[in-house]
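Hello,

Here is the structure I promised to pass on to you. Have a look at it first, and then read on for what turned up in it.

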Amino acid sequence: MIRIHFTAADFARVRFAARPAPLQELNAAFMTMFRPAPRPGGDLLTGRWRQRALRSLPPAVAPLADLVPAAARPPVFLDVFATGLTDALDAVAGTRPALLRAELERVHAHRTAPAPPWVRALHQGDAAARRLVRHAQRSAFDAVLAPVWDVVEDLHRAEFTRHALTVAEHGTGAALDGIVPGARLDGAVWECEGPGERVVELGGRGLELRPTFHWTGPPLLAEPPGHPPVLTCPAGSGPPPAPQGGTGTADALAGVIGRTRLEALLVLAEEHTTRGLARRLRVSEATASAHTAALRAAGLVASERAGRSVLHRRTALGGLLVRGRAGEGSVPSSP
């Protein structure tokens, strides 16, 4: 059980990551790949994916097995939440020597076999050993995640929107309770199922919520140095399949926020009055106003009064959500 204690300042600093983090998702994929096999017949969702992923790994990934031995808790310097792959790899490469040495010593403390020579070189600050880690992580990302990264980004946008709308319509407490099955907020303490017993006092640091689509186990809590605590929340039903030509992303997003709200976001690439938006959406002005109010509360639409009218336009965040969707600025045809 994970018990997270909030202060009033922490509730104001709960944030849902706007974009996926490549190395976080890669770490989740590796955990799924190498987790102990479940009971026979209990691995229908990830079994085939695991086999394909393991076969796709190139020899260049092998150093990661030395860096994270079986059953060991990975070094914290691998907990990088940068949203760009190059920035994330740079962050790992720039780990402070003292932290790197301490984490390598912790991870390898209980191993009977000596650490491989390259790990000992990494411990001593060897630049070539750091480059070896970078190359291994990059090769792993290219093999496992690059083919589905567009799908991961779309799924993340849908999760972000679902969370933002829940906060806007029902508050932070309801969003926290809904992000992890069985989680509950009891006063200032949030409880959710997790490995072992862990109590965390946020103490004003806030909390970052991050969905992952390659892990279906319990939520995972990390406290990376210099970063607010991060709760990695399983989302979806398992690793996403690679696109097979065409896309159902718009329909999936409509299922999360509603088709009319998705249409409104597409139309509001250009400024519209409430009456003009209602005409484009073929709904009443009252309905259009209700939808823009919900989207505005979620930060997806901005509105301002101009005389007797109200003008609405999509925000940068709303544009990020529908980026690349066909039909921006026009209403999609009905299915």
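Helices and strands here are DSSP runs, with at least four residues for a helix (H or I) and at least two for a strand (E), numbered from the N terminus. Counted that way, the chain holds 15 helices and 11 strands. Please keep in mind that this is a predicted model. Of the 335 residues in the chain, 44% are buried. Among contacts with a separation of 6 or more, 68% join residues 24 or more positions apart.

Strand 6 is a good place to begin. This strand spans residues 207-212, and 6 of its 6 residues are buried. In a regular strand, side chains alternate between the two faces of the sheet. Here L207, L209 and P211 point one way, while E208, R210 and T212 point the other way, and all are buried. So you will find a glutamate and an arginine among the covered residues on the second of those sides, where buried means under 20% relative accessible area.

Which strands pair with strand 6? Strand 2 (residues 14-16) runs parallel to strand 6 and is joined to it by 3 bridges, with F16 bridging to L209. Strand 8 (residues 230-234) also pairs with strand 6 in the parallel sense, over 5 bridges. In that pairing, T212 has P234 of strand 8 as its bridge partner.

Next, the packing around helix 8. Two packed helices are described by the angle between their axes and the distance between the axes. Helix 8 (residues 127-144) packs against helix 5 (residues 85-93) at an angle of about 150°, with the axes 10 Å apart. Angles over 145 degrees count as roughly antiparallel, and therefore helix 5 and helix 8 are described that way. The crossing of helix 5 with helix 8 is right-handed. From helix 5, the residues involved are L85, T86, L89, D90, V92 and A93, and they meet R130, V133, R134, Q137, R138 and F141 of helix 8. By class, this contact has 6 nonpolar, 2 polar and 4 charged residues.

Helix 2 (residues 22-34) meets helix 8 at another angle: the axes come within 10 Å and cross at roughly 75°. The two helices are therefore roughly perpendicular to each other. On the helix 2 side the contact is made by P22, L23, L26, A29, F30 and M33, and on the helix 8 side by Q137, A140, F141 and V144. This contact has 9 nonpolar residues, 1 polar and no charged ones. If you click through the model, note that Q137 and F141 appear in the contact with helix 5 and also in the contact with helix 2.

Further along the chain there is an open sheet of 3 strands in the order 9-11-10, with antiparallel pairing. Strand 9 (272-273) and strand 10 (301-306) are the edge strands, each pairing on one side only. Strand 11 (residues 309-314) pairs with strand 9 over 2 bridges in the antiparallel sense, and H272 has H312 as its bridge partner there.

One last residue to look at is R282, in the loop between helix 13 (274-281) and helix 14 (285-297). Most residues other than glycine have a negative phi. R282 is not a glycine, yet its phi is positive, at about 60°. This arginine is exposed, with a relative accessible area of 56%.

Happy browsing, and best wishes

Technical notes. Residues are numbered from 1 along each chain as its sequence is written. This is a predicted model: local features need pLDDT of at least 70, side-chain atom pairs count only at pLDDT 80 or more; totals for chains, interfaces and linings use all residues. Side-chain values use heavy atoms; hydrogens and water are left out. Buried means under 20% relative accessible area, exposed over 50%, partly exposed in between (1.4 Å probe, protein chains only). Two strands pair if DSSP finds at least two bridges between them. Axes are lines fitted to C-alpha atoms, for helices over the stretch in contact, and angles run from 0 to 180 degrees between N-to-C directions. Angles under 35 degrees count as roughly parallel, over 145 as roughly antiparallel, 65 to 115 as roughly perpendicular and the rest as oblique. A crossing is left-handed if the near helix is turned anticlockwise from the far one by less than a right angle, and right-handed if clockwise. Contact means heavy atoms within 4.5 Å. Ala, Val, Leu, Ile, Met, Phe, Trp, Tyr, Cys and Pro count as nonpolar, Asp, Glu, Lys and Arg as charged, and the others, Gly among them, as polar.
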